[in-house]
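Please open the structure in your viewer and keep the selection tool at hand. We will go from stop to stop, picking out pieces as we go.

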Amino acid sequence: MHSDKRSAPIRVLVVDDEPLARRNLTVLLRRDPGIGCIAECESGADALEEIRRTRPDLMFLDVQMPECDGFDVLELLGAEVPPTVVFVTAHDEYALRAFEAGALDYLLKPFDDARFQRALNRAKDKLAHYAETPPQRVERLVVRSAGRVVFLDAAEIDWIEAADYYACLHVGNATHLLRRTLLDLERDLDGGAFCRIHRSIIVNLDRIRGLELREDGEYEVVLISGVRLRLSRRFRRNLQDRLGVNSRRA
Amino acid sequence: MDEIPVGARSIRWLKIAAIWFGVGLIDADMVFAMRAQGTHYDWVRLSVMLVLSWLPWALATPFVFGLGRRYPPFRVTTLPAICAHVGAVAAIGIIFAAWSAFLEIVLNPLGQPQSPGPFTDLWRSRLYFRLLISLIVYAFMMAIIYVTESRQRIARQQTEAARLNEQLSKAELSALRRQMEPHFMFNTLNAISGLIRDNRNDAAVSMIVGLSEFLRRAAVDSNRPQVALGEEVEYLQRYLDIQKVRFAERLQVSVDVPAELLPVQVPNLILQPLVENAIKHGIAKRAGGGAIRVAASRSDDRLSLRVYNDGPGLPADWATSRVGIGLSNLRSRLQILYGTGFELNLRNPDTGGVEVLVSLPLGEV
């Protein structure tokens, strides 16, 4: 059973492109006294903005949405993903991918009140645990290789590249292999210092010299060290926001 | 017959030789009849002569069968065909008579003291009989060709019919499966549960009824090949009523079908799948939603059905993408119903969006 150690009301965000699908969740959420404000978004893009602005504790997320789907939302948020995410979808085939992306639960549409309550209780438990021991941002990474142990300051890292179940840390001219997934590492690192620019690349914002438009219309991120990294189209706006070069203001 | 390998060709000649040798032997059995009557001739020479006399027929066999295939007997009765067959019978008969006369002179099987007369006289005297025999043999060969060709034709027709049947059932199956698109069902049921949780019971009931009507049509009549356009429009309306509740103001639809076209026969399940595609590719992918227009019109003896959505245009490689595959299912169904008498086009109109145009011969009203 869930614990009620957490006293502050839980702030929830419901993301679904169908009004009635959102209605299912908001009606049930309102019945629970532990729930605080409930925000609704009808697209992935709206959800990104809302999350960055209000930092909700719990998000109910649809998978199939126009333009920016549920998985895109999580990937674009990186370290800013709310502490608890519950997927809500009619498709059962995304379950594995959802849990890999860090989902706490996976509600299949349509769902009954009891199943919803189980998901909500799990979220409450996790949030209570989270309130007791908020995750520490990692300042130092421990890298073991060939009988050596190296301590790396997170701020020293230039960029990180995914290599299957490893993360390859680029620090100056050296590279270190860490046995952790990129997603896992991204969650632990300071979200303000690092930014994802590609499905498999995270970059230290302090090391970016600039962005360059290539002949084929794609952008490259140029680091102070001269290294050029591909900027994937879907992460471009995200990076521009973070660097304060939002194209809308230009 | 164009490229017959040498081995097969010699086997064919062997077969021909064997058959005509057999015919010759049957012909030669008159020798035994004559012997039984007590006449005395050179039996060996006579038999050899009778067997050998069929040589022109053996040599002419491939030519006769070729001619039979070129001008199928008992079916095509054009002047050139008749001339070819009559000419062939006459030519073979004349050569047959000449060859028999020649053999008779050389072998002299009846053992007459002097040679059986000048070649031309003998040839002329044998001509009528040999022509008659030629006609019978030729007709017999044509009958063989006729029978084998007919059997081949029936076999071909059967395979063709089987192929068409298979295509038809595949198309039916895919139509049914598309109709039963499980996510459409789950999302609709989820929307209904949303209405109930929101205490909008009347709306929930009417959506349950709408969904049931939709399912009934799918379960009951998926095997009628053609239905009235009015039924298709009604069915489409059921589907749209459900989708409008789900997508709310994001989905704008107009259906424009003139009343006089409602009784026209059209392929079953043609409109709803096209609109479903338009929603999937044109509306569901855009946060702002969009508009769909369905229109029917007639010009002369053709019916045009148009389904337009104002969504993003087609990618350059649409033919090989999922859109193209969905349309190719419809295309194969239309092919079964109309052969080449239909048009199915997907295009990006100048005004933007995507339009599917189906043009069909106008059925009975």
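Start by selecting strand β4 (residues 84-89) of chain A together with β5(A): the two run parallel and are joined by four bridges. Keep in mind along the way that this is a predicted model. Within that pair, show A:Val88 and look across to A:Leu107, its bridge partner in β5(A). Now add helix α4 (residues 95-100) of chain A, through which the chain crosses from β4(A) to β5(A); this β-α-β crossover is right-handed.

Stay with β5 of chain A, residues 105-108, and turn on its side chains. Which residues are on the covered face, and which on the uncovered one? A:Asp105 and A:Leu107 make up the covered face, while A:Tyr106 and A:Leu108 are on the uncovered one.

Next, widen the selection to the sheet around these strands. It is an open sheet of five strands in chain A, ordered β2-β1-β3-β4-β5, and the pairing is parallel. At the edges you will find β2 (35-41) and β5 of chain A; each has a single partner strand, so one side of each has no neighbour in the sheet. From one strand to the next, the twist averages 20 degrees. For a look inside this sheet, pick strand β1 (residues 10-15) and strand β3 (residues 58-61) of chain A, a parallel pair joined by four bridges. Here A:Val12 has A:Leu58 in β3(A) as its bridge partner.

Time for the packing. Select A:Val86 and A:Val203, the residues with the most contacts inside the largest nonpolar core, which has 54 residues. Why does this core lie between domain 1 (10-132) and domain 2 (140-243) of chain A? Both domains give residues to the core, so it lies between them. Centre the view on A:Val203 and show what it touches, leaving aside residues up to four places away in sequence: A:Trp159, A:Phe194, A:Cys195, A:Ile197, A:Ile208, A:Val221 and A:Leu229. A second, separate core has 39 residues, including B:Leu229, B:Ile242, B:Ala296 and B:Leu360.

That brings us to chain B, with its eleven helices and seven strands. Of its 365 residues, 26% are buried. Select the open five-stranded sheet here, whose order is β2-β4-β5-β7-β6 (chain B) and whose pairing is mixed. Its edge strands, β2 (251-256) and β6 (343-347) of chain B, each pair on one side only. Ignoring direction, neighbouring strands of this sheet are turned by 10 degrees against each other on average.

Zoom in on β2(B) and strand β4 (residues 290-299) of chain B, which pair in the parallel sense over six bridges. B:Val255 stands opposite B:Val294 in β4(B). Now bring in two helices. Helix α9 (residues 229-247) of chain B lies across β2 and β4 of chain B and runs at about 165 degrees to β2(B). Helix α10 (residues 271-283) of chain B also packs on the sheet, where it touches β2, β4, β5 (302-309) and β7 (354-361) of chain B, and its direction makes about 145 degrees with that of β4(B).

For the last stop, show the contact between the chains: 19 residues come from chain B and 16 residues from chain A. Which elements of chain B give two or more residues to its side of the contact? They are α7 (182-197) and α9 of chain B. Finish by selecting α7(B), which gives the largest share of that side, ten residues.

Methods
Residues are numbered from 1 along each chain as its sequence is written. Chains are lettered from A and ligands numbered from 1 in the order in which they are written. This is a predicted model: local features need pLDDT of at least 70, side-chain atom pairs count only at pLDDT 80 or more; totals for chains, interfaces and linings use all residues. A nonpolar core is a set of buried Ala, Val, Leu, Ile, Met, Phe, Trp, Tyr and Cys residues joined through C-beta atoms within 7 Å. A residue is buried if 20 or more other C-beta atoms lie within 10 Å of its own, exposed if 12 or fewer, and partly exposed in between; C-beta atoms are placed from the backbone. Domain bounds come from an automatic or database domain assignment. Two residues are in contact if their C-beta atoms, placed from the backbone, lie within 7 Å. Two strands pair if DSSP finds at least two bridges between them. Axes are lines fitted to C-alpha atoms, for helices over the stretch in contact, and angles run from 0 to 180 degrees between N-to-C directions. A crossover is right-handed if, with the strands pointing away from the viewer, the path from the first strand over the helix to the second runs clockwise.
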